[in-house]
Amino acid sequence: MFEPRAEALGMLSHKNFLSPEGDTLESLLGRLTAQTSEMVDCLRQLVELESPSQNKAALDRLGRHLAAQFANLGGEIRFHKQESAGDHLQVDFAGSGKPILFLGHMDTVWDLGTLATMPFRVAKGRAFGPGIFDMKAGIAQAIFAIRALQELNGRLPRALTVLLVTDEEIGSRSSRPITEALAKKSAAVLVLEPAQGPKGALKTSRKGVGGYLLKVEGREAHSGLDPDKGASAVLELARQLLVIEKFGDGKRGITVNPGVVRGGTRSNVIAGEATAEIDARVSRLQDIPRLDKKFHSLRPFDKRCKVAVSGGIGRPPLERTAKVASLFKLAQGLARELGFALEEASVGGGSDGNFTAALGIPTLDGLGAVGEGAHARHESVVIAEMPRRAALLARLVETVP
Ligand SMILES: [Zn+2]
């Protein structure tokens, strides 16, 4: 269980920490802390409704379950229907002013049936299960943050929209326009993705992420009878990869990784085809066109080969702009009032917050669970952190300008 630090307790009666209706922070955090087991139960239900990105039926089952939870809180439910992807869930809570957007995803990287070998369980203050950290606990915390605000004030202090998409883990192709449209209408975007590291840092910068596909076409020939007639696509690809390696620039935060290569048919055939799938990440928006140009100016070493490049950086970087920094400062101050120290981190992975930040909308990411093991079998969340992260979310809704 969470125990507020002594100095924080001393601050709780200060009038600055009264919400407009006169309820103290203590009652916000106290209430959420008292609801911890209920929150864990809500989380268990979310985890036990498995929701791999590719399974529409499973995603829609979870979507309906979540819609019922939000409808109970008085939210107006709207599904953005999809043909093959799961339906994206939008929930609007009426209130004054420009809305805050809670942004999350309900899909996970885990196949249906994973629960059989990786069931939801609680041990040593942690809850385990597929998708629990990335990012079902973040969704549970958001539900309880909304509920606490309503219980304490009778209503939400402002308009609030929740968007839970179903394709974040596979690139957000169908949800991106919805995310961007809602972000443009919002005062700020609070992303329910997991916090970073054991201290639960917020993510104030994320790399832009994309992928390139390099296809080399060579000329097949018998390696023994006609070695001179062949032009090896594999050798050409190998030469290209050494060029591509140099596109990386650690100082600027540019990485390129040819994680998958394929080519050739048999060892006694000079390879007619070879491909490489290259993961590419950048820290700065301005590096996207530069990197793109480099990839597209690749030319074959062996003139008999053809080199074709496709792809690009699909998710722009979340840069630590002044807007992001000031939102973080606000959160840090609120966390201090709640009795914990909040840090910020820069990470290599992207999220849907990258889209909203690139539009210039103040975006704060990593407001979900504290835990570890995203996309790994030991994926888990720290239960005692759940009420205070929910409290932080609630306070942000109250105070973001
Ligand atoms: Zn995620």
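## A starting point: Phe-295

Let us begin with one residue: at 2% relative accessibility, Phe-295 counts as buried (under 20% relative accessible area; over 50% is exposed and in between is partly exposed, with a 1.4 Å probe and protein chains only). This is a predicted model, in which local features need pLDDT of at least 70 and side-chain atom pairs count only at pLDDT 80 or more, while totals for chains, interfaces and linings use all residues. Residues are numbered from 1 along each chain as its sequence is written, and side-chain values use heavy atoms, leaving out hydrogens and water.

## The overall picture

The protein has 401 residues, and 54% of them count as buried. It holds 11 helices and 18 strands, taken from DSSP runs (helices: H or I, at least four residues; strands: E, at least two) and numbered from the N terminus. Along its principal axes the C-alpha trace spans about 85 × 45 × 40 Å.

## Two nonpolar cores

A nonpolar core is a set of buried Ala, Val, Leu, Ile, Met, Phe, Trp, Tyr and Cys residues joined through side-chain atoms within 4.5 Å. The largest one has 67 residues, and those with the most contacts inside it include Phe-70, Phe-93 and Ile-146. Helix H5 (residues 132-153) gives this core its largest share, 14 residues. Leaving aside residues up to four places away in sequence, Ile-146 touches Phe-70, Leu-73, Phe-93, Phe-102, Leu-156, Leu-160 and Val-162 (a contact means heavy atoms within 4.5 Å).

Apart from the largest core lies another, of 24 residues, with Phe-247, Val-256, Phe-295 and Leu-298 among them.

## Aromatic pairs

The structure holds 3 aromatic pairs. Rings of Phe, Tyr and Trp (its six-membered ring) pair if their centres lie within 6.5 Å; planes under 30 degrees apart are stacked, over 60 edge-to-face, and the rest tilted. Phe-70 and Phe-93 are edge-to-face, because their ring centres are 6.4 Å apart and their planes stand at 65 degrees. Phe-70 lies in helix H4 (residues 56-72) and Phe-93 in strand S2 (residues 88-93), so this pair ties together parts 23 residues apart in sequence. Both residues are buried.

Back to Phe-295: with Tyr-212, Phe-295 forms a stacked pair, 3.8 Å centre to centre with 15 degrees between the planes. The two are 83 residues apart, Tyr-212 in strand S9 (residues 208-217) and Phe-295 in helix H8 (residues 287-296). Tyr-212 is buried too, at 3% relative accessibility. Together with Phe-247, Tyr-212 and Phe-295 form one aromatic cluster.

## Salt bridges

A search of the whole structure finds 24 salt bridges (a side-chain nitrogen of Lys or Arg within 4 Å of a carboxyl oxygen of Asp or Glu). In one of them, Lys-56 joins Asp-87, with the closest N and O atoms 2.8 Å apart. This pair links helix H4, home of Lys-56, to the loop between strand S1 (76-80) and S2, where Asp-87 sits 31 residues away. Lys-56 is partly exposed at 21% relative accessibility, whereas Asp-87 is buried at 8%.

Helix H8 has a salt bridge as well: Asp-287 meets Arg-252 at 3.0 Å, N to O. Asp-287 lies in helix H8 and Arg-252 in the loop between helix H7 (233-245) and strand S11 (255-263), so the pair ties together parts 35 residues apart in sequence. Asp-287 is buried, at 2% relative accessibility, while Arg-252 is partly exposed at 22%.
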